[in-house]
Amino acid sequence: MRISGGMSAESINSFFNALGQGQLAGHTNRLNRGNNLFSMPSNNAPTQAAGVNAETGRFVSSIRTAADSMSDVIGQLMSSGNRIVAVSSDSGSVSIQHTGTRPSSVSRMEVSVHQLAAGQVNEGTSMQADAAFEGTTGTNQFSITQGNMTRELSVNVAEGATNAEVQQSMANAINSANMGFTATVETNAETNESMLRIESSATGADPANAFTLNDMSGGNLVAQTGANEMASAAQNAMFTVNDGHVRQSASNTVFIGNGVTATFNEVTEQPVEITWGREQGEANTQAVRDLVGSFNDMFSAAAARTNDPRAQNLASRMLNVVSANSRALSEIGIGVNANGNLTIDSNRLNQSAEDGRLAEFFSGGNRGSNFGNQLSRIAESVTRNPASFVTNPVTGNQANQFAAGSMFDFTF
């Protein structure tokens, strides 16, 4: 940073020590009064320049990029705590999505899943996996029909092919048909037996979801492998919400009321509770990391221009905002090092996200939102006219390009 007025080495060391102890604001004020540490450019500051060099161009471009990023993440953080979300007590069994506001008539819901919606499953005959296939060799054709849709498939069986190889060829043909079936060959390592398994993605007890396989043109693959043997029919999901009345759905994703859409992943042993609260969690911690990164990018760029009063003033403004909120920032896991860069205490940040303090800090109308608003104003001023943060700003078309955030190469 630019230091003017003949400061002693002791004063410089004291300033950076104060940074590390969260005492920047008061110390900065004393230094400003006594030594003019951060000089505000006067109206008479020199503005005439023969041109902008490449380094200045890179500086202007870098602070504008950082300002754009800072504005985005601050907006995300300041709005996150105001979003009302529904929370599942067991998201592994019942995951949910919520739209709208907190319902006024209920404070909680209970959901029990008694049966998952599923598609039909066929399980063929268990056969010795490495034994020679005893069915028809050469080209075999078979059909698979579901509802009013039928697809004819063809498999070539080579002389000496094993049961497992033929089953796998059938599975490949069924999967390649792209009809919504998943065919696999399941092998029992202990008995060395293999079986063709076919499952439909069409869930629900509608008769149209049933499927059949049939041999064609003299082939006998279906008969030989037992591929048309149904192990379980397609079925509906069965569940209760609050009152114990059993409901059914052809899908495992169901709108259950109060703006909540539930996805059933498992049958539940006990009711899953759904409650409403303010958004917390990983999205906010990542946004804080992004904010710290963009802050440090802008601050470091400005602080490095030690002979530029306007760049130094930008660095000073940023540090003053941090200093004024240092204690509250520390409580949610954001600190400042001796160079003025923000740091993150991951454990404290994660904890503050889990208990809601992080969301409340940025959206609770207190110091946190003031911190966000103050940084937002700085970011907006940089975005609006980044060239104003150099003592000899660019002029004319070049200034307009900087203000618009255009990307270009500097060759002088």
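Q: How far apart are the end C-alpha atoms of H4, against the span its 14 residues should have?
A: Happy to start here: helices (H or I, at least four residues) and strands (E, at least two) are DSSP runs, numbered from the N terminus. The expected span is 1.5 Å times one less than the number of residues, so the 14 residues of H4 should span 20 Å. The model agrees, with the end C-alpha atoms of H4 at a separation of 20 Å.

Q: Where do the buried residues of H4 lie around the axis?
A: This is a predicted model, where local features need pLDDT of at least 70, side-chain atom pairs count only at pLDDT 80 or more, and totals for chains, interfaces and linings use all residues. Residues are numbered from 1 along each chain as its sequence is written, and side-chain values use heavy atoms, without hydrogens and water. Buried (under 20% relative accessible area, 1.4 Å probe, protein chains only) applies in H4 to Asn163, Val166, Gln167, Met170, Ala171, Ala173 and Ile174. Their arc, taken from the directions from the helix axis to the C-beta atoms, is only 165°, which puts them on the same side of H4.

Q: Which strands does H4 touch as it packs on the sheet?
A: Three strands form this open antiparallel sheet, where pairing takes at least two DSSP bridges between two strands. With contact meaning heavy atoms within 4.5 Å, helix H4 (residues 163-176) touches E6, E7 and E10.

Q: Which residue in E7 stands opposite Ile144?
A: Strand E6 (residues 138-146) runs antiparallel to E7, and nine bridges join them. Opposite Ile144 stands Arg151.

How values were computed. Axes fitted to C-alpha atoms, helices over the stretch in contact; angles between N-to-C directions. Buried < 20%, exposed > 50% of the residue type's maximum accessible area, 1.4 Å probe, protein only.
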